[in-house]
Amino acid sequence: MTAEQQRLKVNANKKVPLEQWGPYISERQWGTVREDYSENGDAWNYFPFSHSHCRAYRWGEDGIGGISDFFQNLCFSVALWNGKDAILKERLFGLGNYEGNHGEDVKELYYYLDNIPTHYYMQMLYKYPQQAFPYQNLVEKNRSRSKEEPEFEILDTGVFNDNKYFDVYITYAKYNKRDIGVKIEIVNRGKTAAPITVLPTLWFYNRWQYGGLEKRPEITRIDNCTVKATHERLGNYYLYFQEPSTQLFTENETNLEKVQGIPNKTPFTKDAFNEVIINQKNVTEISKKTSGTKFAPVYKYRIESGKSKTIYLRLSDVLIEQPFAGGADNIFVHRKKEADEFYDSVLPKNMPADYKLIQRQALAGLLWSKQCYHFDIERWLNQSDGITPPSEQRKHGRNHEWQHLKNQDIILMPDKWEYPWYAAWDLAFHCIPMAMIDPSFAKHQLILIMREWYMKPDGQLPAYEWNFSDVNPPVHAWAALQVYNIEKQKNNGHGDVAFLKRIFSKLIINFTWWINRKDPNGNNIFEGGFLGLDNIGVFNRSIQLHGQMELEQADGTSWMGMYALNLMDIAIEIALHDDAFEDTATKFFEHFVLIAEALNEMGLWNDDDKFFYDMLVSPNSKPTQLRIQSIVGLTSLFAASIIEEHVFQKLEDFTKRVTWFERYRLKNGKFWPNEERAEGERILLSLVKKDRLVALLTRLLSETEFLSEGGIRALSKYHEKNPYSVTIDGTEYSIQYDPGDSTSNFFGGNSNWRGPVWMPINYLIIQSIRKYGEFYNGSLTIEYPTGSGKFMELLDIADELTKRVVSLFEKDKNGNRKTHGVYNWFYQQPGNEQLLLFYEYFHGDNGSGLGASHQTGWTALVAQLLNEMVGEQPAVIKPETLHQKHEGDWWGE
């Protein structure tokens with residue numbers, strides 16, 4: 001057991017399996033719903049980027065490569081100045097939703113290089129231009145571009161030409177859980193010497209502005225190289241640092257003059273360092289101040305071409321006489337060695353170097369995406385932020401039905417800049433790669449989203465802060481099984497049944513909410529609106545349709561079939577250890593049968609096209625299938641389960657009831673879902689019968705339809721030359737294959753499901769094909785690609801699809817990576833060859849990365865796909881015959 005595994009073993013027995021200190025600071029707090037107190041809900045304009053450096057936040061903090069304790073009481077990050085910018089580089093810059101031609105987008109270059117679950121070692125890289133940062137150029141060029149044009153990125157501005165930039169490596173290495181070493185290395189990549197000012201910044205999250213603290217915390221000077229931070233909840237911490245040019249103190253308070261035009265009582269505001277360093281204002285007053293709630297030692301360098309400067313700091317809860325005795329770099333060397341040993345022990349051995357790089361950076365990004373998320377809806381609705389008073393409009397506005405929601409937890413974010421808030425179905429996918437390295441935290445996250453301070457009393461899960469009432473696909477039962485199986489394989493077949501019991505009880509509540517709220521006609525045909533797929537429909541599927549018209553959704557129904565089957569699988573697994581759960585396995589089996597009947601028999605299947613479609617239903621006209629060939633019609637593939645022979649042998653009542661139910665329905669001419677038997681009593685249950693499975697896979701594996709070089713497209717390429725249109729009440733709606741950035745305004749226009757490749761859907765498809773392949777065991781072959789004349793077993797097809805997805809990230813023979821697209825020139829320069837970005841989605845034709853550039857939430861699934869491709873696949877459920885008692889109770893707040 002490596003040192004990191006030993007630490008994780010200790011954490012697994014905590015109520016919350018988490019370290020007190022980690023990368024828990026957001027990369028963007030401005031422009032979020034939490035900070036929006038406007039009456040019209042315009043979050044982007046209420047708290048814009050221009051306010052971020054001078055206005056105190058109410059619900060969290062942000063920074064570059066920052067860390068904090070898990071309640072974000074005390075924060076640390078790095079600020080920079082190149083001698084030319086009008087503001088300090090304290091946070092990452094990007095465009096708000098109205099500024100970008102494809103919505104919000106970060107316009108910076110930064111990379112998560114390494115991290116381990118306990119954060120005893122972590123490293124990120126930020127690239128800082130030596131020329132003035134092109135803030136205005138980025139805004140103006142993107143505003144002037146149409147939705148048909150690509151985004152104007154920072155590499156298009158020319159500021160990185162001739163390597164005129166600094167590489168800023170920010171590395172953390174813990175001495176122990178409350179003693180953290182910090183290393184900031186600045187490398188001049190340019191051809192000439194260049195100046196840089198570095199401000200490693202320590203500050204307190206401003207809780208005192210709303211009475212969250214009884215006593216205001218304080219950072220006080222001890223000597224030239226030490227300050228003391230005192231906080232009523234956190235206790236005392238000391239920041240040790242090498243002697244700087246100067247020390248600066250101020251308060252984490254809003255500059256009222258800049259924000260509201262009200263004169264400040266003192267110069268000690270949030271942006272005071274900016275005024276001193278750049279504008280030479282209030283220098284005397286600030287230089288005399290020896291305490292405050294925000295502090296930075298200041299280091300001024302002129303670095304020669306190709307040379308570097310390194311700054312060491314140490315943040316500890318202990319007063320240390322010689323904090324850097326024995327060499328400041330030793331702890332970093334030691335913890336890096338431990339990180340290497342950890343990944344060597346948990347990742348496959350027989351993997352090419354480039355695959356190892358992809359896997360480790362994907363997991364590093366996933367770990368860096370942990371964030372302290374603080375939001376109390378009741379307080380947010382009823383209190384002022386000190387600028388805008390409470391209003392009746394806000395009290396009945398966005399999220400007013402979620403006043404029970406009181407979040408203050410560390411949660412895996414989709415992307416800490418573009419999506420610095422949790423999303424229910426994203427989180428489910430995040431937990432799968434997390435289970436590879438820290439299954440206890442993965443299980444904790446799945447339990448957390450089900451807790452009473454998240455889940456609504458009626459059973460609905462919160463979608464995301466822009467609208468907690470939106471509906472995401474119900475993938476949490478599936479994710480729980482994935483996490484359970486990954487850990488089970490690591491534990492030599494011993495699964496955490498206690499975890500399954502815990503989450504099963506909450507999943508039943510959520511399943512019941514779906515039944516009661518999203519099946520309005522009680523016929524097992526489900527709605528749900530956009531279901532996380534933004535612009536996948538010909539119109540916005542979340543809008544209220546005209547009159548009595550309803551949209552019956554193929555994907556909503558398929559997701560629910562999958563949900564019922566997943567819950568049946570969980571119940572079976574638990575019932576093998578506790579027969580009190582046997583009845584629930586039967587209940588969800590029968591519910592699956594009814595949903596399968598509705599999907600296959602009530603008009604969603606088109607026998608001419610051999611495809612499932614959404615259907616418009618009106619009481620005064622014939623139902624209309626929306627004949628759009630998209631992943632909406634492929635979600636039916638996801639519901640598949642193999643029930644092993646020993647399950648029927650042990651669960652006699654389940655077997656008896658299933659047998660009776662089958663005989664009854666067949667005798668009375670009722671629908672029976674796909675059920676195939678192999679190897680005795682081994683049974684495959686799925687939503688689609690074998691002939692429909694083959695038909696769907698034939699379309700899926702066609703390079704003229706769904707299959708691209710980088711994986712499965714969200715919309716068939718068939719629609720490139722064959723757009724689909726429908727007229728509703730005189731309004732024509734149309735959809736066409738759109739492989740790149742979104743050209744529609746649906747859901748902010750910053751994501752596109754009309755042609756690109758999305759990692760979570762590809763992961764689900766590959767897992768499903770693998771499941772079918774495990775059952776058919778070579779007896780079923782499919783042409784791959786369609787039209788090639790080559791037939792392959794399903795397990796081999798799953799591997800081939802995985803290779804296509806992995807090819808998005810791996811180097812080709814010319815040293816290019818698809819994901820870097822037109823910017824491969826930059827990533828072939830010395831020092832940049834191993835830098836990876838894990839985008840939100842990928843171009844449907846060329847595989848270039850699109851959308852959020854650090855979506856190492858669900859795009860980190862590539863790490864688990866690599867595990868499977870080299871032969872280390874998650875265990876198929878083959879339950880133990882003995883109950884495995886879970887040691888320790890880590891669940892709780």
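How many bridges join β26 to strand β27, and in which sense do the two strands run? The legends below, which describe close-up views of a predicted model, begin with the answer.

**Figure 1. Strands β26 and β27 belong to an open sheet of 3 strands.** Strand β26 is joined by 5 bridges to strand β27 (residues 682-686), and the two run antiparallel. Within this pairing, glutamate 675 stands opposite leucine 685 in β27, a pair that the reader can use to line up the two strands. The order across the sheet is β25-β27-β26, with antiparallel pairing. The edge strands are β25 (640-643) and β26 (674-678), each of which pairs on one side only. From one strand to the next, the twist averages 20°. Helix α16 lies across β25 and β27, and its direction makes an angle of about 25° with β25.

**Figure 2. The largest nonpolar core contains 282 residues.** Among its members, Tyr126, Phe654, Trp753 and Leu801 touch the most other members. Helix α16 (residues 554-575) supplies the largest share of this core, with 14 residues. In general, nonpolar side chains in soluble globular proteins tend to be buried together. Around phenylalanine 654, once neighbours within four places in sequence are left aside, the contacts are Met568, Ile572, Glu582, Ala585, Thr586, Phe589, Ile643 and Phe648. There is also a second, separate core of 13 residues, which includes Val538, Met549, Tyr724 and Ile735.

**Figure 3. Strand β8 pairs with both β7 and β9.** Strand β8 (residues 165-176) is mostly covered, since 10 of its 12 residues are buried. With strand β7 (residues 121-129), β8 pairs in the antiparallel sense over 9 bridges, and here glutamine 123 stands opposite threonine 171 in β8. With strand β9 (residues 179-188), β8 is joined by 10 bridges, again in an antiparallel arrangement, and lysine 174 stands opposite isoleucine 180 in β9. The connection from β8 to β9 is a hairpin that passes through 2 residues.

**Figure 4. Helix α14 is mostly covered.** This helix (residues 476-490) has 15 residues and reaches 21 Å from its first C-alpha to its last, which is close to the 21 Å expected at 1.5 Å a residue. Of those 15 residues, 13 are buried. Just after α14 comes asparagine 492, whose phi is positive, at about 55°.

**Figure 5. Glutamine 72 and glutamine 280 each have a positive phi.** Most residues other than glycine have a negative phi, and most peptide bonds are trans. Glutamine 72, in the loop between β2 (67-69) and β3 (74-81), has a phi near 55°. Glutamine 280 has a positive phi of about 55° as well, and is found in the loop between α6 (272-279) and α7 (283-288). Which of the two words, buried or exposed, describes glutamine 72, and which describes glutamine 280? Glutamine 72 has a relative accessible area of 2%, so this residue is buried, whereas glutamine 280 has a relative accessible area of 54% and is therefore exposed.

**Figure 6. A cis peptide bond joins tyrosine 784 and proline 785.** The omega angle of this bond is about -15°. Proline 785 is placed in the loop between β32 (781-783) and β33 (791-793).

**Figure 7. A search of the whole structure finds 0 disulfides.** Why is cysteine 54 without a bond to the closest cysteine sulfur? The closest cysteine sulfur, in cysteine 75, is 18 Å from the sulfur of cysteine 54, and therefore too far for a bond. Cysteine 54 counts as buried because its relative accessibility is 2%. Cysteine 75 is likewise in no disulfide, and the nearest cysteine sulfur, that of cysteine 372, is 8.4 Å away. With a relative accessible area of 0%, cysteine 75 is buried.

**Figure 8. Serine 77 lies in strand β3.** At 4% relative accessibility, serine 77 counts as buried. Leaving aside neighbours within four places in sequence, serine 77 is in contact with Gly63, Ile64, Gly66, Leu199, Pro200, Thr201 and Trp203.

Definitions and conventions: Residues are numbered from 1 along each chain as its sequence is written. This is a predicted model: local features need pLDDT of at least 70, side-chain atom pairs count only at pLDDT 80 or more; totals for chains, interfaces and linings use all residues. Side-chain values use heavy atoms; hydrogens and water are left out. A nonpolar core is a set of buried Ala, Val, Leu, Ile, Met, Phe, Trp, Tyr and Cys residues joined through side-chain atoms within 4.5 Å. Buried means under 20% relative accessible area, exposed over 50%, partly exposed in between (1.4 Å probe, protein chains only). Helices (H or I, at least four residues) and strands (E, at least two) are DSSP runs, numbered from the N terminus. Contact means heavy atoms within 4.5 Å. The expected span of a helix is 1.5 Å times one less than its number of residues. Two strands pair if DSSP finds at least two bridges between them. Axes are lines fitted to C-alpha atoms, for helices over the stretch in contact, and angles run from 0 to 180 degrees between N-to-C directions. A disulfide is a pair of cysteine sulfur atoms within 2.5 Å.
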